[in-house]
Amino acid sequence: MDSQSPLRFLDYDVTQYIYETYFPSKEAKENKKRMIKQFLTIKDQYLSRYKVNNIHEYEIMFCIRGYLYKKISFF
């Protein structure tokens, strides 16, 4: 190591700091799993309600004011 390098003053394990700071906790992982499960449930309900096979290919027509229709996709 270079004698002028600022790394020579480093007294903390950087990998441990990165892991503790940026790696998701068990609670964050559980929340993500719960969110994905809720999204898939809502998506399945949408597909069955509007009788659509694929959410990426279709747009649903909604009646806004009796005579005005608007196409709205799932996303």
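Within helix α2 of this predicted model, three residues are buried, namely Lys-43, Tyr-46 and Leu-47. The helix that holds them spans residues 26–50. With its 25 residues, α2 reaches 36 Å from its first C-alpha to its last, which sits close to the 36 Å expected at 1.5 Å a residue. Just after the helix comes Lys-51, a residue with a positive phi, near 50°.

Lys-43 deserves a second look, as its side chain meets that of Asp-44 in a salt bridge, with 3.7 Å from N to O. Side chains of opposite charge can pair when their charged atoms come close. The structure holds one salt bridge, and the two partners are neighbours in the numbering, Lys-43 and Asp-44. Lys-43 is buried, whereas Asp-44 is partly exposed, at a relative accessible area of 43%. Asp-44 is classed this way because its 43% falls between the limits of 20% for buried and 50% for exposed.

Attention can now turn to the nonpolar surface. A patch there is formed by Leu-7, Leu-10, Tyr-12, Val-14, Tyr-17, Ile-18 and Tyr-22, and together these residues offer about 740 Å² of accessible area. One of the patch members, Tyr-22, belongs to helix α1, which covers residues 14–22. Tyr-22 is exposed, with 62% relative accessible area; it can join a patch because membership calls for over 30% and no salt bridge.

Taken as a whole, the chain contains two helices and two strands, arranged α-α-β-β from the N terminus on. Its accessible surface amounts to about 7,300 Å², and carbon and sulfur atoms account for 56% of that. Of the 75 residues, 11% count as buried. As for contacts between residues at least 6 apart in sequence, 15% link residues that are at least 24 apart.

A word on confidence helps in reading these features. The mean pLDDT of the chain is 77, with 69% of the residues at 70 or more. Confidence is highest in helix α2, at a mean of 90, and lowest in strand β1 (residues 60–63), where the mean is 61. The salt bridge of Lys-43 and Asp-44 thus has its buried partner, Lys-43, in α2, the element with the highest confidence.

Key
Residues are numbered from 1 along each chain as its sequence is written. This is a predicted model: local features need pLDDT of at least 70, side-chain atom pairs count only at pLDDT 80 or more; totals for chains, interfaces and linings use all residues. Side-chain values use heavy atoms; hydrogens and water are left out. Patches are made of residues with over 30% relative accessible area and no salt bridge: like charges are joined within 9 Å, nonpolar side chains (Val, Leu, Ile, Met, Phe, Trp, Tyr) within 5 Å. Accessible areas come from the Shrake-Rupley method with a 1.4 Å probe; for residues, only the protein chains shown count as cover. A salt bridge is a side-chain nitrogen of Lys or Arg within 4 Å of a carboxyl oxygen of Asp or Glu. Helices (H or I, at least four residues) and strands (E, at least two) are DSSP runs, numbered from the N terminus. Buried means under 20% relative accessible area, exposed over 50%, partly exposed in between (1.4 Å probe, protein chains only). pLDDT is the predictor's confidence in each residue, from 0 to 100. Contact means heavy atoms within 4.5 Å. The expected span of a helix is 1.5 Å times one less than its number of residues.
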